[in-house]
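The following paragraphs explain how the interior and the surface of this protein may be read from its model. Please keep the sequence and the structure in view while reading.

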Amino acid sequence: LPLELQPKLLRVLQEKEFERLGGGRTTQVDVRIVAATSRNLSQMVREQQFRADLYYRLNVFPIVLPPLRKRKDDIPALVEHFVAKFADRYHKPQRQLPEALLLALQGYDWPGNIRELQNFVERATVVNSATALRSLIADIKYRGQVPGSAQTLFDAERSHILSALRETNWRVGGRLGAAAKLGLPRTTLIGKMKKLGISRKWRSADPSRLVPEMLSAGAG
């Protein structure tokens with residue numbers, strides 16, 4: 001919230017009143033505010049980026065939610081919830097993820113917290129084949145062994161799909177295509193390629209031969 005707007009919110013909380021934009025009449029209100037942030041507000045107060053009086057007014061009953069890496073016992077329950085959610089969304093039978101995969105998930109630090117875990121379970125639900133799951137287990141174990149790795153599951157999934165595309169010479173569909181190799185429907189793989197910024201263009205020094213190339217949009 002910009003500094004110039006913070007006194008207005010403070011007035012609502014403290015005096016329980018405000019004026020509508022363009023109006024001249026004071027309106028009385030009786031509200032409670034639930035505020036959430038991932039920012040360090042006490043530090044922002046010290047740096048004069050957040051008003052101290054508003055901070056203390058909001059900080060009546062603070063609830064600190066630790067990051068997922070500090071509450072790994074929650075991971076199995078979260079995984080169970082997401083498996084049910086995505087099995088229903090993609091009309092797939094609900095299957096429990098292998099114990100090896102659950103252990104690998106608990107060994108990873110999850111810099112992206114619950115959203116990152118949710119994306120991972122969605123991918124595991126979509127590619128629920130023995131080969132694909134073994135690849136996911138190896139991937140998550142590898143990244144779990146690299147302290148402070150900046151690689152995200154977005155990057156890992158993108159790399160995994162690119163590898164399959166290169167191995168199949170950018171053939172997406174068919175029995176020998178990347179979709180079959182990844183255990184995905186062709187339309188699902190195309191959707192993921194769009195989401196991950198993976199596309200291709202065709203160029204030809206020899207007009208009789210088309211050579212596939214990758215165009216990678218920035219990950220974000």
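Which residues does leucine 117 touch, not counting residues up to four places away in sequence? In this predicted model, Leu117 touches Leu68, Ile75, Leu78, Val79, Phe82, Leu105 and Trp110. Leu117 also belongs to the largest nonpolar core, a set of 37 residues. Those with the most contacts inside this core are Leu117 itself together with Val79, Leu105, Trp110 and Leu189. At least two residues of the core are supplied by each of α4 (75-89), α5 (99-106), α6 (113-126), α7 (130-144), α8 (153-167), α9 (178-182) and α10 (186-195). The largest share comes from α4, with six residues. A second core, separate from this one, comprises eight residues, among them Leu10, Met44, Val45 and Tyr55.

Helix α5 shows how buried and exposed positions are arranged around a single element. Its buried residues are Leu101, Leu102, Ala104 and Leu105. Viewed down the axis of α5, these residues fall within an arc of 160 degrees, and therefore they line one face of the helix. Glu99 and Leu103 are exposed on the other side of α5.

In soluble globular proteins, nonpolar side chains tend to be buried together. Attention may now turn to nonpolar residues at the surface. Val60, Phe61 and Ile63 make a nonpolar surface patch of about 410 Å². Of these, Phe61 lies in the loop between α3 (52-58) and α4. Phenylalanine 61 counts as exposed because its relative accessibility is 70%, the cut-off for exposed being over 50%.

Conventions: Residues are numbered from 1 along each chain as its sequence is written. This is a predicted model: local features need pLDDT of at least 70, side-chain atom pairs count only at pLDDT 80 or more; totals for chains, interfaces and linings use all residues. Side-chain values use heavy atoms; hydrogens and water are left out. A nonpolar core is a set of buried Ala, Val, Leu, Ile, Met, Phe, Trp, Tyr and Cys residues joined through side-chain atoms within 4.5 Å. Buried means under 20% relative accessible area, exposed over 50%, partly exposed in between (1.4 Å probe, protein chains only). Helices (H or I, at least four residues) and strands (E, at least two) are DSSP runs, numbered from the N terminus. Contact means heavy atoms within 4.5 Å. Patches are made of residues with over 30% relative accessible area and no salt bridge: like charges are joined within 9 Å, nonpolar side chains (Val, Leu, Ile, Met, Phe, Trp, Tyr) within 5 Å. Accessible areas come from the Shrake-Rupley method with a 1.4 Å probe; for residues, only the protein chains shown count as cover. A salt bridge is a side-chain nitrogen of Lys or Arg within 4 Å of a carboxyl oxygen of Asp or Glu. The arc is that of the directions from the helix axis to the C-beta atoms.
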